[in-house]
Amino acid sequence: MHGYGDLDVLGDLPQPLFLVTAGFRRLQESKVRALGIGPFFADIRIDAIEEADRIGKQGHFEDLRRRHGFEPSEMLVVG
């Protein structure tokens, strides 16, 4: 699997990074492993579509915001 050419700059960014994605849990986890990007992120959240207790991507962003003490204006969502 090949990612975008700029994945290698993730490690150069000074702020904490979080990955929030949706899909089948095992597939999303295998993509993260195949791309080798896991270590770049402070936390990886998967909104697993096959799990009954989904909180959605917005729920994951809200939880990350609260846990890490960010104000909404301090967060940037890319993708």
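1. The protein in this predicted model exposes about 5,900 Å² of surface, of which carbon and sulfur atoms supply 54%. Of its 79 residues, 25% are buried, and the C-alpha atoms fill a box of roughly 35 × 30 × 20 Å when taken along the principal axes.

2. As for the fold, there are two helices and two strands, and reading along the sequence gives the pattern β-α-β-α. Among contacts between residues at least 6 apart in sequence, 56% join residues that are at least 24 apart.

3. The largest nonpolar core has six residues in all, namely L10, L17, L19, V32, I37 and F41. In soluble globular proteins, nonpolar side chains tend to be buried together. Within this core, L17 may serve as a starting point for inspection: leaving aside its neighbours within four places in sequence, L17 is in contact with L10, F40, F41, A42 and D43.

4. Nonpolar side chains are also found at the surface, where F24, L27 and I49 form a patch with about 280 Å² of accessible area together. F24 lies in the loop between β1 (18-23) and α1, and with a relative accessible area of 48% this residue is partly exposed.

5. Eight salt bridges are present in the structure. One of them joins the side chains of E51 and R25, with a distance of 2.6 Å from N to O. E51 belongs to the loop between β2 (43-48) and α2 (56-68) whereas R25 belongs to helix α1 (residues 25-35), so this pair ties together parts that are 26 residues apart in sequence. Both partners are partly exposed, E51 at 29% relative accessibility and R25 at 25%.

6. A second salt bridge to look at is the one in which the side chains of D47 and R54 meet, again described by an N to O distance of 2.6 Å. Here the partners differ in their surroundings, since D47 is buried, with a relative accessible area of 3%, while R54 is partly exposed, with a relative accessible area of 42%.

7. Helix α2 holds a salt bridge of its own, between the side chains of R65 and E62 (3.3 Å, N to O). These two residues are three residues apart in the helix, which means that about one helical turn separates them. R65 has a relative accessibility of 19% and counts as buried; the cut-off for that class is under 20%. E62, at 31%, is partly exposed. Elsewhere, salt bridges that share partners join D43, R45, D63 and R67 into one network.

8. Which residues does R45, a member of that network, touch beyond those up to four places away in sequence? They are L19, V20, T21, H60, D63, L64 and R67. R45 itself is found in strand β2 and, at 12% relative accessibility, counts as buried. In addition to its place in the salt-bridge network, the side chain of R45 is joined to that of H60 by a polar contact of 3.4 Å. For a reader new to the structure, R45 therefore brings together several of the themes above: it is a buried residue of strand β2, and it takes part in the network with D43, D63 and R67.

Note on methods. Residues are numbered from 1 along each chain as its sequence is written. This is a predicted model: local features need pLDDT of at least 70, side-chain atom pairs count only at pLDDT 80 or more; totals for chains, interfaces and linings use all residues. Side-chain values use heavy atoms; hydrogens and water are left out. A salt bridge is a side-chain nitrogen of Lys or Arg within 4 Å of a carboxyl oxygen of Asp or Glu. Helices (H or I, at least four residues) and strands (E, at least two) are DSSP runs, numbered from the N terminus. Buried means under 20% relative accessible area, exposed over 50%, partly exposed in between (1.4 Å probe, protein chains only). Patches are made of residues with over 30% relative accessible area and no salt bridge: like charges are joined within 9 Å, nonpolar side chains (Val, Leu, Ile, Met, Phe, Trp, Tyr) within 5 Å. Accessible areas come from the Shrake-Rupley method with a 1.4 Å probe; for residues, only the protein chains shown count as cover. A nonpolar core is a set of buried Ala, Val, Leu, Ile, Met, Phe, Trp, Tyr and Cys residues joined through side-chain atoms within 4.5 Å. Contact means heavy atoms within 4.5 Å. A polar contact is a pair of N or O atoms within 3.5 Å; within protein, one must be able to donate a hydrogen and the other to accept it, and residues adjacent in sequence count only if both atoms are side-chain atoms.
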